[in-house]
Amino acid sequence: MRVTAALARLGTETAFDVLARAVALAESGRSIVNLGIGQPDFPTPGHIVEAAVKALRDGHHGYTPANGILPLREAVARDLLKRRGVEVDPGRIVVVPGGKVTMFFAVLMFGEPGAEILYPDPGFPIYRSLIEYTGATPVPIPLHEELGFAFRAEEVLERITPRTRLLILNSPANPTGGVVPKAELDSLVAGLLRHPEVAVLSDEIYARMCYDGLEHASLLAYPELEDRLILLDGWSKTYAMTGWRIGYGVWPAALVDHAVRLAVNCHSCVHHATQWAAIAALEGPQEESERMVREFDRRRRLIVRLLNQLPGISCVMPKGAFYAFANIAATGLRAVELQDRLLEEEGVAAIAGTSFGLFGEGYLRFSYAASTEAIEEAASRMRRFLERCGVEKQSG
Ligand code: PLP
């Protein structure tokens, strides 16, 4: 068999590899503390599950329109108005099986040999993987620890060339928990007016997870970008629905038909009953989702405090999502070595920063979507490991 060369360029999410290794170790009897995988450790709220069961009982078993049922797209439009203050025509909303699918379609629309696509580094690994798959050139945008892992608008703008087709942004971010300040977005949007041919994909899947009273600043709120902004959001993180596989994109009017055609060619539509569950999520009680975010906030402060007490490790306070991106440079170990040894020697699963791009060397990502006990146990095992390695606490 001869498969395409493009397939060899497709990357992956190391988090799934580490998860597989952690599961195998656990099955062999080892005690594993998993801070690797990025998904809420809460169940989907009961009323959402009930809405799906009811939909199945009511006979919602068939195909739906490829862009999603109208009541769901209308519910999304109401939610966008309520939370982002923007009126969106439901005709511009395309419901897809997970946040990832909007990303896939956007990169497929703009990526080809000769094109350049900008993406955050360290960033969600699938951005770069997809860009390379299409044959386009990936152009990393550096994120800075001293800015809480935000980008500098001028560093984004200076990377734009006549070949740039798409700019991918993600705030709050995986893997850093970084949130880009509104002022930086303002500067970026002002600068983008000089580049009207560049489309923007704004991955806002963690929009509802901002801490310290921070308001999420959405790129959807900039009317200047309306004709070239693709908004990615969904239910996976906000409503603990990662396994349901549903998300949505808001597309510029000129791209909607392309997105729908890709959907028809790819998956036809999202599972019908799940679409009714997604309406219940948006329109039903929000307490459980809000309680989950408050709990993440508490764990965020716990894990950052514990990490900062460890020898050779420092960690800035993340402002969003549920990841802590710890600086491990002073341990003297490379990110992959620390990841592998922590897993093998201490049974602690975390992800090497290099899984998220070259600028991730010197960092390890911890998901704190895990219990308090797991976080405390991971910290104490890490202390034992680092002391065994002779890493000393930095002064100051
Ligand atoms: N975007 C980012 C930044 C993510 O971290 C993830 C999942 O980890 C996704 C998109 C994909 O979300 P979904 O599970 O809805 O496809």
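**Figure 1. Pro172 and its cis peptide bond in the predicted model.** Pro172 is placed in the loop between β5 (164–170) and α8 (182–192). The structure shown here and in the legends below is a predicted model. The peptide bond that leads from Ser171 to Pro172 is cis, and its omega is near -10°.

**Figure 2. A cis peptide bond at Pro122.** The loop between β3 (116–121) and α6 (125–134) contains Pro122. The bond joining Asp121 to Pro122 is cis, with omega near 0°. As background, most peptide bonds are trans.

**Figure 3. Ala240, a residue with positive phi.** Ala240 belongs to the loop between β7 and β8 (247–250). Its phi is near 50°, a positive value in a residue other than glycine. In general, most residues other than glycine have a negative phi.

**Figure 4. Polar contacts of the ligand.** Gly99 takes part through its backbone, a polar atom of which is 2.7 Å from an oxygen atom of the ligand. Two residues take part through their side chains: a polar side-chain atom of Asn174 lies 2.8 Å from a ligand oxygen atom, and a polar side-chain atom of Tyr206 is likewise 2.8 Å from an oxygen atom of the ligand. The protein buries 94% of the 400 Å² that the ligand exposes when taken alone.

**Figure 5. The shell of residues around the ligand.** The ligand occupies the second largest pocket. It is surrounded by 14 residues, the closest being Gly99, Asp203, Tyr206, Ser236 and Lys237. Helix α5 (residues 99–110) provides the largest share of this shell, three residues. By residue class, the shell comprises five nonpolar, five polar and four charged residues.

**Figure 6. The largest pocket and its lining.** Rolling a probe the size of a water molecule over the atoms shows where empty space is left. The largest pocket holds about 590 Å³ of space. Its lining consists of 25 residues, and those nearest the centre of the pocket are Arg83, Ala207, Arg208, Met209 and His216. At least two lining residues come from each of α4 (70–84), β7 (229–234) and α11 (287–308). The lining divides into twelve nonpolar, five polar and eight charged residues. The ligand, by contrast, sits in the second largest pocket.

How values were computed. Residues are numbered from 1 along each chain as its sequence is written. This is a predicted model: local features need pLDDT of at least 70, side-chain atom pairs count only at pLDDT 80 or more; totals for chains, interfaces and linings use all residues. Side-chain values use heavy atoms; hydrogens and water are left out. A residue is near a molecule or strand if one of its heavy atoms lies within 4 Å of it. A polar contact is a pair of N or O atoms within 3.5 Å; within protein, one must be able to donate a hydrogen and the other to accept it, and residues adjacent in sequence count only if both atoms are side-chain atoms. Accessible areas come from the Shrake-Rupley method with a 1.4 Å probe; for residues, only the protein chains shown count as cover. On a 1 Å grid over the protein atoms alone, a cavity is a set of points where a 1.4 Å probe fits but cannot get out, and a pocket is an open set with protein on both sides within 12 Å along at least five of seven lines; lining residues have an atom within 4 Å of a point. A molecule sits in a cavity or pocket if more than half of its atoms lie within 2 Å of its grid points. Helices (H or I, at least four residues) and strands (E, at least two) are DSSP runs, numbered from the N terminus. Ala, Val, Leu, Ile, Met, Phe, Trp, Tyr, Cys and Pro count as nonpolar, Asp, Glu, Lys and Arg as charged, and the others, Gly among them, as polar. Grid points are joined across faces, edges and corners, and a volume is the space filled by probe spheres set on the points.
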